[in-house]
Amino acid sequence: MSETTDLTGLGAGIGRIPIMGVQPVVDGGRFPARCVEGETVTVSANAFREGHDAMGVQLVLVSPDGQEKRQALRSTNPGLDLWETTIRPGSTGHWSFRIEAYSAPYESWAHTAEVKIPAGIDPDLVCAEGAVVLTQVLAEIEAGTRSAADGPVVRAALESLRSPGLPASSRVAPALAADLRGILAERPLREGVTVAGPYPLIVQRPRALYGSWYEFFPRSEGAHFDPEHGWTSGTLRTAARSLDRIAAMGFDVAYLTPIHPIGTTFRKGRNNTLDPQPGDPGSPYAIGSPEGGHDAIHPELGTLEDFDAFVARAKELDLEVAMDIALQCSPDHPWVSEHPEWFTVRADGTIAYAENPPKKYQDIYPLSFDTDYEGLYAAIRDMLEHWVAHGVTLFRVDNPHTKPVRFWEELLAEFDAKHPEVIFLAEAFTRPTMMHTLGKVGYHQSYTYFTWRESAEELREYLEELVVSAPYMRPSFWPTTHDILTPYMSSGGRRAFVLRAILAATLVPTWGIYSGYELVEDVPRPGAQEQIDNEKYEFKPRDHAGALARGESLEPLLARLNRIRREHPALQTLTTIRFHEAADEQVLVFSKHLDAAATGTGSPDTVLVVSLTAHDRDARTSVRLDLDALGVGESFEVEDLLTGERFHWGREPHVILSAADRPAHVLRIVHPEET
């Protein structure tokens, strides 16, 4: 009997053997799922059939060059008909996979033989039915679709089944033996094959999932004030000197706020006032002046050659450069006069400036994609190409949710084809549907609501939501940004900054801080969730070296966190997170685990975090651990990676935490093979 195939999927019917709930699949395959090179990805499906006959499920993984690899899914929850396996794609590119479910006649017969033969029920019929099954296997060998090396084992088993003079148990023994079972486990005999898929899977470079970002305003680096002459801006050359400090703290990405010429029309003064004073530099997000637009560099920062030198120095320090892309213009931007059709013109003939009532941004003109979509698309694409050519490998995109999603889908697809190494981070603090859709159409990473998730319950619920979204929306956690300083941070002082850094660095693979975080800059502008004397509107040089010498800087903590993240591949994952229980509702307990095959080190890696979530209290609490998730027995050893202390723990350790000096344990499980 030849193998038959049914296709299942959108509009294709249920198929002979139903396959439902395939994961990772985004919107039924409309958008590709994503992972990074070497990441462990769970592939699952609900597959079932009528009756009691045996069945099997296989994954067919197709690499970018068309090579196919098959592997079996195992039944992990028979009651829910759940089948699972894991994959680790080894190269970047556009992959795909499909799921094949099938009736397994050999397994059905083997089960029948194991039940009936010992009971003496229909022995001749059982042997005859076994012979029919093995004849199908032999036909595949003779047709060349199965290895000829399997022939002797199959023929011997078939001959035994056809030997009526032998006892029934002896007749079936070769057909149930381990060698034949192994052959048919590796390449099952299949009938009624049903196929779900193919489903797209894009594999990207590891930085799309894991990294530590450091944001700063280059004009503040090296800026100085002279009472006689006023402010002198920092430059790209002086900013390059800061890269050594950033690299020493273990960051992977140096993220520059906009470096372009700034307009003077309606320029904002300090603290976003409409009354700028002489020497006020203006907001770098009001992009464009007679000196140029998005493809130009502010003259006070230097030249393109200076930018190239900045990028070169970053590369020497193993830092990547991220650029802030704000698709908006000051009234002085060359596009305003050259392409007025790229803006919204109001009834009185003036160009509409940005508003978020009651907020007004008179120094910024939003772009409109409704009049000349193709022309504006080409201009933005060419501008990004310009910076990629000068070594930029990541873009943080300001307010992408205020642009058409269609635009991002097309632009990101083009860059995926031309520059798959380039990563885009969406700064979209907006409604969940928009955030998720931006991830689906191609954004590699997304800002999240972490900044406003404070309690243990909120954080656990949010992380569980993010894990479900992991095939298309990778989170980036920022305790503060240049725009956001929450009441939690402004009221908690150093304790809040320490605690939120620990949580951001360990909960997700990508996190970032805004310069000044290490100095605990926590004074808000009255009535706003942002810093007073916001750096967007003024120079802000910082005495990092002095603060470090005085013991006031968080640089040592940040460096330790980034070193822990680099040394522990489990912390470079998202979907491995598992939550445990604490008697104190303000204590968050979670772990991440990778087996030896996934770490690349030959040893498993498990990190367990027990952390306060409130900065104004201590905790003495019992913790109940899921030992299976940790891969340990009833008694095990842990090492605190923040302090170096070692403890012997069991299923329910008692933990003492202090917001002042021990807000969290970040623990390495010492597995038996390490001792």
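This report describes the overall build of one protein chain and then some local features of its backbone and surface. The model is predicted.

**Overall build**

The protein chain has 675 residues, of which 56% count as buried. Its secondary structure comprises 18 helices and 32 strands. Taken along the principal axes, the C-alpha atoms fill a box of roughly 115 × 60 × 45 Å. Contacts across the sequence can also be described: among those between residues at least 6 apart in sequence, 74% join residues at least 24 apart.

The chain exposes about 28100 Å² of surface, and carbon and sulfur atoms supply 51% of that area. The charges comprise 62 positive and 96 negative ones, and the mean positions of the two groups are 2 Å apart.

**Backbone features**

Most residues other than glycine have a negative phi, and most peptide bonds are trans. Four places in this chain depart from these patterns, and the table lists their angles.

| Feature | Place | Angle |
|---|---|---|
| Cis peptide bond | Q23 and P24 | omega about 0° |
| Cis peptide bond | G197 and P198 | omega about 10° |
| Positive phi | D27 | phi about 50° |
| Positive phi | D122 | phi near 45° |

The two cis bonds can be placed in the secondary structure. P24 belongs to the loop between β2, residues 19-23, and β3, residues 33-36. P198, by contrast, is found within strand β10, which covers residues 191-204.

The residues with positive phi can be placed as well. D27 lies in the loop between β2 and β3, the loop that also holds P24. D122 sits in the loop between α1, residues 105-119, and α2, residues 123-143.

Are D27 and D122 buried or exposed, or in between? D27 has a relative accessible area of 40%, so this residue is partly exposed. D122 is likewise partly exposed, because its relative accessibility is 40%. Both values fall between the limits of 20% for buried and 50% for exposed residues.

**A charged patch on the surface**

Which residues gather in a patch of negative charge on the surface? The patch consists of E457, E458, E461, E465 and E585. One of these residues, E465, lies in helix α13, which spans residues 456-468. The relative accessibility of E465 is 36%, and therefore this residue counts as partly exposed.

Note on methods
Residues are numbered from 1 along each chain as its sequence is written. This is a predicted model: local features need pLDDT of at least 70, side-chain atom pairs count only at pLDDT 80 or more; totals for chains, interfaces and linings use all residues. Side-chain values use heavy atoms; hydrogens and water are left out. Patches are made of residues with over 30% relative accessible area and no salt bridge: like charges are joined within 9 Å, nonpolar side chains (Val, Leu, Ile, Met, Phe, Trp, Tyr) within 5 Å. Accessible areas come from the Shrake-Rupley method with a 1.4 Å probe; for residues, only the protein chains shown count as cover. A salt bridge is a side-chain nitrogen of Lys or Arg within 4 Å of a carboxyl oxygen of Asp or Glu. Lys and Arg count as positive and Asp and Glu as negative; His and the chain ends are not counted. The place of a charge is taken as NZ of Lys, CZ of Arg, CG of Asp or CD of Glu. Helices (H or I, at least four residues) and strands (E, at least two) are DSSP runs, numbered from the N terminus. Buried means under 20% relative accessible area, exposed over 50%, partly exposed in between (1.4 Å probe, protein chains only). Contact means heavy atoms within 4.5 Å.
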